[in-house]
Amino acid sequence: MANEATIAKVKTAIRISHALLDQEIGDQVDACLADLRLVGIAEPSEEDTLVLSAIKLWCKSENADNVADRESFRDAYDKQKACLMTASGYGLPSDEEVTA
């Protein structure tokens, strides 16, 4: 389950102040982290600024009111994810790192 600090930051990003959707937002955060793991982000941390940015974009896409916004946020998420996938320190260790 996503930590409370992350849920609070996501709620601010999607402009929600009540607690009625906290469980759903937590599930969305968990889904985003699982997606990042699927593409090779070894240990996505909610405390990492770039990972948190990706989480916010994911949740914005999940909670957008219209299709255009949903697609725009998901596109931005996909670009952020691609950057994380190629950035040093985020991916799984390469074969060279494992054998070194």
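Which residues of α2 are buried? In this predicted model, the buried residues of helix α2 are D22, I25, G26, Q28, V29, C32, L33, D35 and L36. The cover over these buried residues includes α1, α3 and α4. Helix α2 runs over residues 22-38, and its length can be checked against expectation: at 1.5 Å a residue, its 17 residues should span 24 Å, and because the C-alpha atoms at its ends are 24 Å apart, the two values agree. Just after α2, G40 adopts a positive phi of about 105°.

Two of the buried residues of α2, D22 and D35, also take part in salt bridges, of which the structure holds 5. In general terms, side chains of opposite charge can pair when their charged atoms come close. D22 pairs with K11, and the closest N and O atoms of this salt bridge are 3.0 Å apart. The pair links distant parts of the chain, since D22 belongs to helix α2 whereas K11 belongs to helix α1 (residues 4-13), with their positions 11 residues apart in the numbering. Both D22 and K11 are buried.

The other aspartate, D35, forms a salt bridge with K81, in which the closest N and O atoms lie 3.2 Å apart. D35 is in helix α2 and K81 in helix α4 (residues 67-86), so this pair ties together parts that are 46 residues apart in sequence. D35 has a relative accessibility of 17% and therefore counts as buried, the cut-off being under 20%. K81 is likewise buried, with a relative accessible area of 13%.

K81 has a further partner, as the side chains of D78 and K81 meet in a salt bridge with an N to O distance of 3.9 Å. Here both residues lie within helix α4, where they are 3 residues apart, about one turn of the helix. D78 has a relative accessible area of 36% and is therefore partly exposed. Through salt bridges that share partners, D35, D78 and K81 are joined into one network.

Confidence in the prediction varies along the chain. The protein chain has a mean pLDDT of 92, and 91% of its residues reach 70 or more. Among its elements, helix α3 (residues 49-63) has the highest mean pLDDT, at 98, while helix α5 (residues 95-99) has the lowest, at 50. Where pLDDT is low, the predicted coordinates should not be read in detail.

How values were computed: Residues are numbered from 1 along each chain as its sequence is written. This is a predicted model: local features need pLDDT of at least 70, side-chain atom pairs count only at pLDDT 80 or more; totals for chains, interfaces and linings use all residues. Side-chain values use heavy atoms; hydrogens and water are left out. A salt bridge is a side-chain nitrogen of Lys or Arg within 4 Å of a carboxyl oxygen of Asp or Glu. Helices (H or I, at least four residues) and strands (E, at least two) are DSSP runs, numbered from the N terminus. Buried means under 20% relative accessible area, exposed over 50%, partly exposed in between (1.4 Å probe, protein chains only). pLDDT is the predictor's confidence in each residue, from 0 to 100. The expected span of a helix is 1.5 Å times one less than its number of residues. Contact means heavy atoms within 4.5 Å.
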